[in-house]
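The following note is offered to a colleague who is beginning to read protein structures. Please keep the model in view while working through the numbered points.

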Amino acid sequence: MILEVLQAAQAYRTVGTEAAGWQADLCLWVEATVSEAAFVPLLLNNVAVGVLWSARTKSDPYTADDLLGLERLANQSVIAIQHSLMAAQIQSLAVVGERARIAREMHDSLAQILGYMNLQAQTLEALLKQNKQEALFAEIKRMREAIQTAHADVRENILSLRTTLSTEAGVASAMLEYLDGFSLQTGIDIKLENQLDGYLGLSPLAEVQLVCVLQEALANVRKHARATGSLGQLTRRVGCVSGNHG
């Protein structure tokens, strides 16, 4: 009976003319003899994805109003399914977006430095053959500096990936966690003035983006500001990070 309703994608209530044995397996958790039943399909985008049914052990036929009430419950079930699917899609898009961000960062740092190293290796080989020791040592020094820069970028990317947002801890805790690790890695003295008096009221996606803004800002401080210290302010309006040369 359930399969027939699923295939037909139409509601049905028993009328007493059903074939023998239609009651089988309708009561899943208790042993009972079903006398009446009503079935409604769960329609997702006009496609039946399941069946919601109700059964009675007494001879009390379901009315049209009963069937309408069951259809309303089915609609609520479909809404819950849609919300679950949307949440899964959002999570999948977030994963795809994070992978794209990692790919960009790897291209901007690791891929470029590997290409540079390949060219430098050819240059070193040529200088070695020409016995130009001063130029050779100068190129080796530049290669060492480039490797150190790439190493710092990779460690920073790993730290960014390890930073997690906990529902209980909140965005401020995630920022402090990242700042502690960043300060240890770079030797930059970082102070965060947290002026929040409680829940920030941002969506989970916005909180992730806020942490990403902080990470990008500090990356720019390390790469371009030549700073030994950095000061950040976290308020309800804006969060900012600046490099100090002191």
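1. Thr186 is a convenient place to start, and its position is in helix α4. The model is a predicted one, and in it Thr186 has a relative accessible area of 27%. Thr186 therefore counts as partly exposed, since that class lies between the buried limit of 20% and the exposed limit of 50%. Its C-alpha atom is 9.8 Å from that of Arg155, although the two residues are 31 apart in sequence.

2. The overall plan may now be set out. The protein contains five helices and six strands. Along the sequence these elements follow the order α-β-β-β-α-α-α-β-α-β-β. Of the 246 residues in the protein, 27% are buried. Among contacts with a separation of 6 or more, 55% join residues that are 24 or more positions apart.

3. Which helix does α4 pack against, and at what angle? The partner of α4 is α5, at an angle of about 20° and with the two axes 10 Å apart. The two helices are therefore roughly parallel, because an angle under 35 degrees falls in that class. The crossing of α4 with α5 is right-handed.

4. The residues that form this contact can be listed by helix. From α4 come Val171, Ala174, Met175, Tyr178, Leu179, Phe182 and Thr186. From α5 come Glu207, Leu210, Val211, Leu214, Gln215, Leu218 and Arg222. Sorted by class, the contact between α4 and α5 comprises ten nonpolar, two polar and two charged residues.

5. The nonpolar cores deserve a separate point. The largest has 14 residues, and those with the most contacts inside it are Tyr178, Phe182, Ile190, Leu214 and Leu218. Helix α4, residues 171-186, and helix α5, residues 204-225, each contribute at least two residues to this core. The largest share, six residues, is supplied by α4. Apart from this core there is another, of nine residues, including Ala38, Leu44, Leu67 and Ala74.

6. Phe182 merits individual attention. What does Phe182 contact once its neighbours within four places in sequence are left aside? The residues in question are Glu156, Leu159, Gly187, Ile188, Ile190, Leu218 and Arg222. Two of these, Leu218 and Arg222, also belong to the α5 side of the helix contact.

7. The backbone should be examined as well. Most residues other than glycine have a negative phi. Ala9, however, has a positive phi, near 55°. Ala9 is situated in the loop between α1, residues 2-8, and β1, residues 12-13. With a relative accessible area of 29%, Ala9 is partly exposed.

8. A positive phi is also found at Asn45, where the value is about 55° although the residue is not a glycine. Asn45 lies in the loop that joins β2, residues 36-44, to β3, residues 47-56. Is Asn45 buried or exposed? Its relative accessibility is 64%, so Asn45 counts as exposed, the limit for that class being over 50%.

9. Asn46 is placed in the loop between β2 and β3. Asn46 has a relative accessibility of 74% and therefore counts as exposed. The C-alpha atoms of Asn46 and Ala9 are separated by 8.5 Å, while the two residues are 37 apart along the chain.

Note on methods:
Residues are numbered from 1 along each chain as its sequence is written. This is a predicted model: local features need pLDDT of at least 70, side-chain atom pairs count only at pLDDT 80 or more; totals for chains, interfaces and linings use all residues. Side-chain values use heavy atoms; hydrogens and water are left out. A nonpolar core is a set of buried Ala, Val, Leu, Ile, Met, Phe, Trp, Tyr and Cys residues joined through side-chain atoms within 4.5 Å. Buried means under 20% relative accessible area, exposed over 50%, partly exposed in between (1.4 Å probe, protein chains only). Helices (H or I, at least four residues) and strands (E, at least two) are DSSP runs, numbered from the N terminus. Contact means heavy atoms within 4.5 Å. Axes are lines fitted to C-alpha atoms, for helices over the stretch in contact, and angles run from 0 to 180 degrees between N-to-C directions. Angles under 35 degrees count as roughly parallel, over 145 as roughly antiparallel, 65 to 115 as roughly perpendicular and the rest as oblique. A crossing is left-handed if the near helix is turned anticlockwise from the far one by less than a right angle, and right-handed if clockwise. Ala, Val, Leu, Ile, Met, Phe, Trp, Tyr, Cys and Pro count as nonpolar, Asp, Glu, Lys and Arg as charged, and the others, Gly among them, as polar.
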